[in-house]
Every structure is written in structure tokens, then in C-alpha cells.
Number of protein chains: 2
Amino acid sequence: MAQSTGNQHQVFAPQQRVTITQLSAALGLSKSTVSRALNGYPDISESTRLRVRRGAETLGYRPLSHAQAIRTGRVRALGLVIQIGDHDSQRPFLADFLAGISAAASAEGWTLTVATADSEAHALRTMGQLIEDRKADGFILPRTLSQDARVALLRARSVPFVMFGRTADPEGCAWFDILGEDAMRDAVLHLARLGHRRIAFVNGGARYNFSRLRLQGYRAGLAAAGLPEDAALIRGDALRSEDGARETRALLALDAPPTAVVFAVDHAALGLYRACADLGLAVGHDLSVISYDGVPDGAYAAPPLSSFKVDTRAAGQRLAELLIARIRGAAPETLRETAHAAFADRGSAGPPRLGSAALAARLSTTS
Amino acid sequence: MAQSTGNQHQVFAPQQRVTITQLSAALGLSKSTVSRALNGYPDISESTRLRVRRGAETLGYRPLSHAQAIRTGRVRALGLVIQIGDHDSQRPFLADFLAGISAAASAEGWTLTVATADSEAHALRTMGQLIEDRKADGFILPRTLSQDARVALLRARSVPFVMFGRTADPEGCAWFDILGEDAMRDAVLHLARLGHRRIAFVNGGARYNFSRLRLQGYRAGLAAAGLPEDAALIRGDALRSEDGARETRALLALDAPPTAVVFAVDHAALGLYRACADLGLAVGHDLSVISYDGVPDGAYAAPPLSSFKVDTRAAGQRLAELLIARIRGAAPETLRETAHAAFADRGSAGPPRLGSAALAARLSTTS
DNA sequence: TCAATTGCCGAAACCGGTTTCGGAACGGAA
DNA sequence: TTCCGTTCCGAAACCGGTTTCGGCAATTGA
């Protein structure tokens, strides 16, 4: 039954594409005139251009991107190579990220070509393939590194790209990024205002460009709050929950432990909960924590994790828009944007119940 | 500097594609002969065919898919339309799923076109666009519904597709699926062997096809264990953590509460932890739970969630392979496969510390 | 008034493939 | 030897677009 209605539907809407030849015949013009009219060539009169545009509209003509591509080399597709097993925290965002990209792309009649890679070398090979096979006109690069081989590759081949994140050498780069450094600074200031004096920092992976920046932000926060910097309170390479638990335990083992910790990555921050549970500490009272990402799991933790939330969907959308502009010829220097993460003040950051010394004393009796 | 080395690189590796015309000239054959030789036409002698293949190999000739497409209508691309906000538990799997698809696709020289949609209607429109614009030769349909409009659409337009999941009417459908019903049955049997007599079931969304099947599996488990079925112990529509907590509380409020719960969805099962924490129950002792999906969060829960783990990456890979076969003309009836989820027996399912009556008594004193 | 521009469009080549069609070469049968 | 049927390949048309080139008509300049 469904089958037969389907066929009926097919009869009424034969889904026959109207070609440029048909359109030109209907308008009494030549193919070439129609093509140039639609592509904005200057040697077409304004009146004809209008007539063609209207005709295309009413007949529902849309050029076949891969038919154009054979001459122009452009397929109206954005490329995205996802490195898996790279950074777990990327995963929950992926759907939103794709949604943003897809929305912006389809608004312009573009599509998204996705591939995955399990290593940097693999990612480079994959991008090379996509370029050679003309499966993408440009790339969105998620999670840029301070020294990023992908950037080098694309620069060398002069393929358009836009970074989600920044990089050490901005030459020829377009980007969209969230100012994680500002979030880290604000986190420190927030905790300082609550009365914390020893505020630790647990960074993400050192090779990521954002880690460098977030550390700067943490330091800026300490300076702004008039607090001294203590190297013992700065730790790093924590991306997953286990990492965060390990680093928390190390911090609490100090002679003068922190009463608050700023994490660069939510998933790592969730490890602090585990460590605190093991040590009998109340998160948000005995030990406060503020983190960054805004992962959904954070909201379900007890107490809910105070975190700077990133609008990943909006980021994807803006990145796609920037990349399309870049492919259309805009200079990369004009395509650089940043945005701020939004602080969601939940229950994990409160005034210190104990000072550092008292906390140390309590920890020594417990264990 | 990087720029100039880049240009040098470009000079040495001009990344000029070799065209079929160049290849045919090098072989002293005509374009048409080369084309037919590579595409397996019968009117080419075996020796020429071999010579052409070898020549293509050494010169590194690879046909440009969109140049072929203009004549054949096929672009060697798989389509995937992801419905977002649809089912949260889909998200953590997305990266793995894409990795599987991408791996299988690129092994055959195919690519993956991804789009997202925020509703079923939007998904249908998007698929229609991708078909008309020839951006995909076929589709992978994740999360099939019992009555799936996508299936109807693709059937009507006779576009190849493969389902991740099954559907009510299998006519013309190819699929790969995990036998969730077997997992549910085994979960019940496992709990029964541990001594549980009142085992509840919390299903996922009713519209999903898998929910129907998993309920059947639960019932089969009860029957196999010789346990009676109690309608009060069957609940549903729990996909997220909150849902799971709500349903758990409802089950524990019964006069004869269950001592174990089987969940159809991990994320919902994690809600049971919250409910138990609130009520002072120890998961795995006072209340046991077994679930399905194998989400990473489950392993971090305390105690770790016993769950049937789905190999999403393998599923994506197999789906892509099946879809490519389908596009190449294989009959859908020959492209139907299933696999089993792997039980990860962790700490959340143990022998009942209390019977149902004792549990009820304890709960009444607590509240 | 006439030549030189300019504005605007069509014819045809082109992009990189596929597919149709026809014919040369060959072998076997009459 | 002639005729016919195969086998195998090349020429050319084709797919749906873009781009080059040239030409006509209407303007402009002298």
C-alpha cells in the first residue's frame, strides 16, 4: 500500500530536475547567457539577469553542483575530518557541532562531507584524499594544536580552511574561537571573591592550543585578584575523569592544599567529585570547583558543576559561515571571530568552609 | 617561511590529477576503451583490460567521482541524516558510529555526506534535497521507528537505504541490528539466577522499534525463568537520567517493589543511581540493575553499571558495507544482518540483600 | 556621415568522464 | 573463395554545466 501511494507521488512529482538547457529554452535564451546571468557576469543586461533569475525561480532550477564542479573544481561542500579517540570531551558536543555546521551550510545550499581519522597522520592523508577527489572545497579544523600539521598542509596546497581555535602562527588563518582564557580568569576572580586564597588550576592537554591560553587566563585571574602564583598549584594533562581524580588527589596531598580548583575541562573536573567522595569532602564546601565546557553530565552531578558553557552549535554554525566566505574569496584576516563562554553558577563553588591549613589537618586525620 | 616551503612543495608535487584522456594517450588507446575496460564491460579483451588496469595503477589514475556522476547519476557518497535532540543516548556513540561508516566507506573510495535535522519533517526534506542534488547515492537510517516515514520516502523514490534497526514492514528493507531483545532476556535470566524474583523493566521510547523488541525480550526472559509477569513492573518512555530516576521511584513506591530492574537504555539506568542515593539504597545490593548500551559514563558510576555493550563502530562499518552493496545492486533481502550485544558484568547486579517485602518495609521506615 | 566603441548575447569549445554505434579484423562454415 | 557471425576497439555523441570568442546592433566621437 505504502508502495503504491509512493508511486503515485512519483507520478505527480516526477522529480525530474530542470536543466539549464530546459531553462534557457523556456526563456528563449542560450545556455551561456543563462549561465552567465546566474553567475553574475557583467556582460548581461540587468533586465535579462532579472528575467533569468525569475525564470529559474518559477521553474525551480538549481544547478547540479557536481556538473558545475567538473569545470569550476568546486562542489559546494565543506569538509570535516574528525579525529577520534583524540579527546573524549569532544564527543558529547559532536552532534551539536554538526548541527550548527549543517544548518549554516544548507542555508547556502552547501553540504558537509565528514570523514574520521584515528591519528594525525591519518587525518592528513584523509584530507589530502578529499582535496584530490574534490570532495570538499575547504575544511573546518576542530581542536587546533599550537603547531598544527593540518594548517601547514592546507596552507601549502592553498586550500581554504577555518579553525575552531587559534594557533601559534596566525599567518593566513581564519578562525572562530571561544575565549577560554577569559573564562579561566573570571573563574579565579569568582572564587577569590568567595574568599578563597589558594586556588589551583588543572589544565588540559599541553599540545592543544587552548591549554596555553587557559593557563594564561588563570594567571591573569590570580594577578587581578592580587593572589600569588604557586607552581605547586598548577597541574595539567587532565582530559578525562580519571585524570581529574588523580590530579585532585595530588593537590590535596600538598602541605598547603587548595580550597578551590579551576579545571580547564569539565570531564576532568568530574574526577574531582570522585576524589572528594573518597576523601569524605563536600564539593562546594570543603573544596570548590569551577570548570569549562558545559557538558550535560556536569548538570547531573551532585552538586551540579559550576561551569563555563560553550555554545557548540553556534560555533559550528559560525565556522561554516566563515568557511563559505573564505572559499568565496574573503581574506582570512577579515574572518577572525571570538565569543565568550557563559558562566553557569551552580552548586560546586561556594565560600570555603575551612582554610587551607584546616583542610590539611582534616585530611591528615581522615587518612 | 612556511608559506614559501609550501609553494616549493606545490612545485614538486603539482597535485595534477591524471585524467582518463591522459591515461588513454599513454596507453595508445581511446578514452572509451579505457573507460569500458575499467568498468568491466564485456566487449574488452582480457589482455587490454589488464593493461589498462596496470596503467591506471602506475599512473595513479582515479576517476573523478563527480565527473562520472554527471552521466551515471552516482557520486559514490553515502548519506546520513542525524536527527538531533532526538535521543540523548545517541550522542556519545556518534563519533564511533561515524568512524565505522567512514572507515568502510573510504576503504571503497566512497565518502560520507552528513546533514542534521531537528524534526522528522525536517529530516525528510533534507533527505529529499540530498537526493535531488545527487549528494548521496543512498542512506543509512539510524534509530528506525516502527512506522518510519523515511523508509516510505526512500521506497517511493526507490533510493537505496540500510536501516540501523528493524521496522514493522520489512518489505524491500536491508538492515543491520543488534538483538536487544536477546540482551533483555539474558538480563532477566541473569538476575533470576542471582535469586531475584521481582524483576522490573523500564523501556525506552515507545515509538522506537527497538522498544517493542526489548519488551518482548524481557517477557521471554521472565517466561524462561519461570517468573510471572506483573504489569505493575513494566514501565517505559525513559531515555534520560531524569526519566530513569522517576520510573525507579515509581517502582519502589509499589506495595511489592522489585529487587532488580532491567533498563532498555543506559542513560535512563543512571537515573536509578540518583533515586537510590536519595532513598539510601545501595545499588547492586538493595536494588540491582542491568541495562543496555554500554555508555562510558556507566563504567564511571559507583558501582559501575552492568550493561550490554553495543559495538557502535562495528555497526557503522557494517552498515556502510551493506549500503554500498545495496547501491551496487544487491537485493535487500540478502542484506540483513544482526549481532549480539556483549554483557559487561560489573558491580550493579548482585544477589538481593532483601526480599521485596523487606525492601518495602525498609523504604516505608525511611520515608 | 562614417569609423570606432560599447553593450549584450549566441555559437561553440571545454571540463572529465560514460555510452552508443559502427566498423575493422578474424575465424569458421558453406 | 565468399558469406556470416564474433570479437574487440575507436569515433562521436552525450551528461549538465562554464567559459571563450566573436558578432551584431546601438551608441559614441570626430
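Visitor: How many bridges join strand β5 (residues 174-178) of chain A to β11(A), and what makes the two strands a pair?

Guide: Four bridges join these parallel strands. Two strands pair if DSSP finds at least two bridges between them, so β5(A) and β11(A) qualify. Within β11(A), A:Thr338 is the bridge partner of A:Asp177. Strands here are DSSP runs (E, at least two residues), as helices are (H or I, at least four), numbered from the N terminus. This is a predicted model, in which local features need pLDDT of at least 70 and side-chain atom pairs pLDDT 80 or more, whereas totals for chains, interfaces and linings use all residues. Residues are numbered from 1 along each chain as its sequence is written, with chains lettered from A and ligands numbered from 1 in the order written.

Visitor: Why is one side of β11 (336-339) of chain A left without a neighbour in the sheet?

Guide: The open sheet has 12 strands with mixed pairing, in the order β11(A)-β5(A)-β4(A)-β3(A)-β1(A)-β2(A)-β2(B)-β1(B)-β3(B)-β4(B)-β5(B)-β11(B). β11(A) and β11 (336-339) of chain B stand at its edges, each with a single partner strand, so one side of each has no neighbour there.

Visitor: Which residues come nearest to DNA strand C, and what makes a residue near?

Guide: A residue is near if its C-beta atom, placed from the backbone, lies within 6 Å of the strand. Of the 26 residues around DNA strand C, A:Ser32, A:Thr33, B:Ile20, B:Ser32 and B:Ser35 come nearest.

Visitor: Which element supplies the largest share of that surface?

Guide: α5(B) does, with five residues. At least two residues each come from α3 (31-38) and α5 (65-72) of chain A, and from α3 (31-38) and α5 (65-72) of chain B.
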